[in-house]
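This report examines a protein chain through its charged pairs, its helices and its surface. Please consult the sequence and the structure while reading.

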Amino acid sequence: MNRYTLYGNFFAETFLFSIMSFSCALLLPLFDQWTISNENAVTQGIHSLALWSYSLYLVNLLVVAVINHLTGGPEALTSYSIVFSWSGYFIASILISALNYRYFEKPFMDLREKKRKLLTS
């Protein structure tokens, strides 16, 4: 057994995933109370990524499939092309997600809010 891998390790295969998920869940109350005193480029970037997160979830597999098709798959990559394909993956995923949010998700959410206001008033 390779000492740097989690496969074959009883603790890692049995409990680690649950412990990590539970630990992240315990941080949710802290993040819920988190306030930002001043807006800057970093906080705006994090806020934008949070808005685009559902779109990122939707386009993730599509971008991976396109990059694998264009590069011939992970087996055909050299060390330099791995860096370029991962960079392309992140850039394309974020760009497509931003466009998807702006032109599809946001207009439908606004429409939903208009309908909700009409129904409740």
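## Arginine 112 and its salt-bridge network

Arginine 112 counts as partly exposed because its relative accessibility is 43%, which falls between the limits of 20% for buried and 50% for exposed. In this predicted model, arginine 112 forms a salt bridge with glutamate 113, and the closest N and O atoms are 3.3 Å apart. Glutamate 113 is itself partly exposed, at a relative accessible area of 28%.

Glutamate 113 also forms a salt bridge with arginine 116, where the closest N and O atoms are 3.1 Å apart. Both glutamate 113 and arginine 116 belong to helix H3, and they are three residues apart, about one turn of the helix. Salt bridges with shared partners thus join Arg112, Glu113 and Arg116 into one network. Arginine 116, with 44% relative accessibility, counts as partly exposed.

## The pair of lysine 106 and aspartate 110

How many salt bridges does a search of the whole structure find? The search finds three. One of the salt bridges links the side chains of lysine 106 and aspartate 110, at 3.1 Å from N to O.

Lysine 106 and aspartate 110 both lie in helix H3, four residues apart, which is about one turn of the helix. An α-helix has 3.6 residues a turn, so residues three or four places apart point the same way. Lysine 106 is partly exposed at 34% relative accessibility, and aspartate 110 is partly exposed with a relative accessible area of 35%.

## Helix H3: span, bend and buried residues

Helix H3 covers residues 79-120. Its 42 residues should span 62 Å at 1.5 Å a residue, and the 58 Å between its end C-alpha atoms agrees with this expectation. H3 nevertheless bends by about 45 degrees at tyrosine 101.

Tyrosine 101 is also one of the buried residues of H3, which include Ser85, Tyr89, Ser93, Ser97, Ala98, Asn100 and Glu105. Against which element do the buried residues of H3 pack? They pack against H2.

## Helix H2 and serine 55

Helix H2 comprises residues 41-71. A straight helix of 31 residues would span 45 Å at 1.5 Å a residue, whereas H2 spans only 33 Å between its end C-alpha atoms. H2 bends by about 55 degrees at tryptophan 52.

The buried residues in H2 are Thr43, Ser55, Val59, Val63 and Ile67, and H3 is included in what covers them. Is serine 55 buried or exposed? Serine 55 is buried, because its relative accessible area is 0%. Leaving aside residues up to four places away in sequence, serine 55 touches Ser97, Asn100, Tyr101 and Glu105. These four contacts of serine 55 are among the buried residues of H3.

## A nonpolar patch on the surface

Which residues form the nonpolar patch on the surface? The patch consists of Leu95, Leu99, Tyr103, Phe104, Phe108 and Leu111, which together have about 660 Å² of accessible area.

Leucine 99, one of the patch residues, is found in helix H3. Leucine 99 counts as partly exposed because its relative accessibility is 44%, and residues need over 30% to belong to a patch.

## Helix H1 and a distance between isoleucine 82 and methionine 20

Helix H1 runs over residues 10-32. From the first C-alpha to the last, its 23 residues reach 34 Å, close to the 33 Å expected at 1.5 Å a residue. H1 bends by about 45 degrees at leucine 16.

Isoleucine 82 is located in helix H3 and counts as partly exposed at 36% relative accessibility. How far apart are isoleucine 82 and methionine 20 in space? The C-alpha atoms of isoleucine 82 and methionine 20 are 28 Å apart, while the two residues are 62 residues apart in sequence.

Technical notes: Residues are numbered from 1 along each chain as its sequence is written. This is a predicted model: local features need pLDDT of at least 70, side-chain atom pairs count only at pLDDT 80 or more; totals for chains, interfaces and linings use all residues. Side-chain values use heavy atoms; hydrogens and water are left out. Patches are made of residues with over 30% relative accessible area and no salt bridge: like charges are joined within 9 Å, nonpolar side chains (Val, Leu, Ile, Met, Phe, Trp, Tyr) within 5 Å. Accessible areas come from the Shrake-Rupley method with a 1.4 Å probe; for residues, only the protein chains shown count as cover. A salt bridge is a side-chain nitrogen of Lys or Arg within 4 Å of a carboxyl oxygen of Asp or Glu. Helices (H or I, at least four residues) and strands (E, at least two) are DSSP runs, numbered from the N terminus. Buried means under 20% relative accessible area, exposed over 50%, partly exposed in between (1.4 Å probe, protein chains only). Contact means heavy atoms within 4.5 Å. The expected span of a helix is 1.5 Å times one less than its number of residues. The bend at a residue is the angle between axes fitted to the seven residues ending there and the seven starting there.
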